[in-house]
Amino acid sequence: MNKLLKKAKTSYYSEKIADADRDTKKMYKVTKHLLDGDTEPVFPDSSSDKQLAEDFGHFFLNTINTIRNDLTSKTIHNAVLPQTAPCAVEPLVKFEPTTMKEVADIITKAPEKSCELDPVPTWLLKECLNDLLPLITKIINHSMELGHVPNSFKVAHVRPLIKKPGLDENNLKNYRPVSNLPFLSKVLERVVDARINKHMTKHKLQEDMQSAYRKLHSTETALLKVQSDILQSLDQGNASILILLDLSSAFDTIDHQILLERLKDDFAVNGRSLAWITSYLEDRYQTVCVRNASSSSLPLQHGVPQGSVLGPKMFVMYTKPVGRIFQHHGLSYHFYADDTQLYVSFKSKNSTTLEESIKRLERCLIDVETWMCNSLLKLNRDKTEMIFLAPKNALPENVSMLIGNTVITSTSSVRNLGVTFDSTLNMNQHISLTCKAAYLQLKTHRLHQEVPDRHCMQVTSKWIGHISCGY
């Protein structure tokens with residue numbers, strides 16, 4: 001029986017790994033299942049799950065209100081931002097109706113995840129799709145035609161998720177709210193998202209240096225663009241300064257009125273389309289769930305829901321003017337959602353150009369922070385990082401710059417979108433850390449004999465192969 005079981009596991013996981021091939025999303029799921037297994041969510045110690053859910057719910061809302069109140073109290077209006085005329089393209093006045101084929105494609109390709117708010121589980125919906133498809137299509141078209149989102153689609157169940165393994169589990173600050181939304185609401189969002197994407201692509205309204213939530217763009221393209229620019233600079237004997245900006249609760253503090261004005265002025269979204277987005281943002285509620293307990297329903301007056309389809313897209317559109325500030329100061333940059341990479345290159349052996357570059361970065365970041373303050377976004381100075389990249393013989397002891405009254409000093413390495421950049425950009429530290437983590441997992445699972453060693457070796461070899469090919 002053990003031999004047959006091992007043979008079945010070997011065959012099953014080998015097929016899974018072969019099927020994933022170069023699909024990084026599939027490979028990540030297989031890898032996570034093999035190496036981590038199904039881990040239970042962690043929560044703070046509490047005598048009552050119900051009370052803990054209430055505490056989380058009020059904590060998340062109070063955090064947002066505290067940040068917004070602090071920003072409102074010191075709002076200033078002197079950001080150096082090049083003025084642009086309202087978007088002079090054909091406006092997106094209404095969303096074109098969907099078809100049963102489009103809706104069927106969205107549903108069949110969606111993962112079989114369900115939310116407690118769904119009347120039937122997703123797998124059952126897919127089984128009965130032929131019978132339900134005309135009704136679902138009619139609901140979606142009716143929503144877009146009226147410019148109204150049903151109230152039942154604007155309710156979310158929030159699961160607190162710890163930000164990183166190893167953080168203090170009893171500190172509520174170490175958790176982020178992830179929204180679980182009704183399945184049909186996500187189908188509706190995907191239909192609308194396709195129309196917004198079509199409008200933005202047709203009129204070239206995307207931020208060119210934004211790699212998030214765009215077809216054929218990813219963290220990989222964001223990293224390769226920045227790495228390529230800096231490596232070319234190093235090849236020419238120049239040095240670079242790379243700054244990684246950090247925002248506090250970026251998705252949660254977005255102001256709805258500012259967002260709607262930006263959609264209208266910068267993206268030419270008007271009429272019934274703007275009315276639909278207004279309805280999508282208004283009257284949203286969330287309930288925090290801890291194990292089998294739930295908090296009371298709490299209103300969301302600001303921000304966009306994490307875990308939704310349109311929420312991240314709205315954030316990207318909301319922050320598009322930041323790119324114009326970077327361009328105004330003549331700096332290079334690249335975005336991935338709320339992760340911003342800002343960098344500048346200069347002659348490595350000229351102290352004057354180093355000082356000028358630092359001054360230029362300081363002036364730019366003052367304008368960025370001012371713009372963010374006016375847009376009710378908080379730049380987290382304490383978590384903003386800087387690294388000086390140069391040939392080995394040109395590396396200074398340290399470089400520092402000033403943002404307001406906060407001094408930011410360069411470090412020998414930074415973690416950028418999951419990849420470790422060191423000061424010479426030779427990637428040795430990143431490769432070493434990745435191999436160490438992979439072999440640690442191999443050792444752990446070999447001791448526990450939870451999965452065949454062969455599968456861990458296959459996954460590990462793919463990891464190391466990708467690293468070797470990429471760098």
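How much area does the chain expose, and what share of it do carbon and sulfur atoms supply? In this predicted model, the chain exposes about 25100 Å², and 52% of that area is supplied by carbon and sulfur atoms. The chain has 471 residues, of which 47% count as buried, and its secondary structure consists of 15 helices and 15 strands. When contacts between residues at least 6 apart in sequence are considered, 74% of them join residues at least 24 apart.

One example of a pairing across the sequence begins in strand β1, which covers residues 155-162 and includes V155. V155 and Y285 are separated by 130 residues in sequence, yet their C-alpha atoms are 5.0 Å apart in space. Leaving aside residues up to four places away in sequence, V155 touches Y285 and also L117, N180, L181 and P182. V155 counts as partly exposed because its relative accessibility is 25%, and the partly exposed class begins where the buried class, under 20%, ends.

The interior can be approached through its nonpolar cores. In soluble globular proteins, nonpolar side chains tend to be buried together. Here the largest nonpolar core has 75 residues, and those with the most contacts inside it are I196, I241, L263 and W276. Helix α13, residues 351-374, contributes the largest share of this core, with eight residues. L263, one of the residues with the most contacts inside the core, touches A268, V269, L274, I277, M314 and M317 when residues up to four places away in sequence are not counted. Two of these partners, M314 and M317, are among the buried residues of helix α11. That helix spans residues 310-318, and it is largely enclosed by the rest of the structure, because nine of its nine residues are buried.

A second, separate core has 14 residues, including L223, L242, Y343 and F421. The residue N416, in strand β14 (residues 413-416), touches L223, L242 and F421, as well as L244 and Q341, again without residues up to four places away in sequence. N416 counts as buried because its relative accessibility is 4%.

Where, then, is space left inside the model? The count comes to two cavities of 30 Å³ or more. The largest cavity holds about 60 Å³ of space, and its lining includes F315, which is also one of the buried residues of α11. Others in that lining are L247, T319, V322, F335, A337, D338, T340, M372 and L377, and the lining as a whole divides into seven nonpolar, two polar and one charged residue.

The second largest cavity has about 40 Å³ of space and is lined by V149, F153, S185, L188, E189, W276, Y280 and R284. Among these, W276 is one of the residues with the most contacts inside the largest nonpolar core. Helices α7 (183-202) and α10 (271-281) each supply at least two residues of this lining, and α7 gives the most, with three.

Finally, the second largest pocket contains about 370 Å³ of space, and the elements that give two or more residues to its lining are α1 (2-20) and α2 (24-35). Its lining, which includes Y12, Y13, K16, D19, D23 and H33, has four nonpolar, one polar and six charged residues.

Terms used: Residues numbered from 1 in each chain as written. Predicted model: local features only at pLDDT ≥ 70, side-chain atom pairs only at ≥ 80, totals over all residues. Heavy atoms only, no water. Helix = DSSP H or I, 4+ residues; strand = E, 2+ residues; numbered from the N terminus. Buried < 20%, exposed > 50% of the residue type's maximum accessible area, 1.4 Å probe, protein only. Contact = heavy atoms within 4.5 Å. Areas by Shrake-Rupley, 256 points an atom, 1.4 Å probe, with all protein chains shown as cover. 1 Å grid on protein atoms, 1.4 Å probe; cavity = no way out; pocket = protein on both sides within 12 Å on 5 of 7 lines; lining within 4 Å. Points joined across faces, edges and corners; volume = space filled by probe spheres on them. Nonpolar A, V, L, I, M, F, W, Y, C, P; charged D, E, K, R; others polar. Core = buried A, V, L, I, M, F, W, Y, C linked by side-chain atoms within 4.5 Å.
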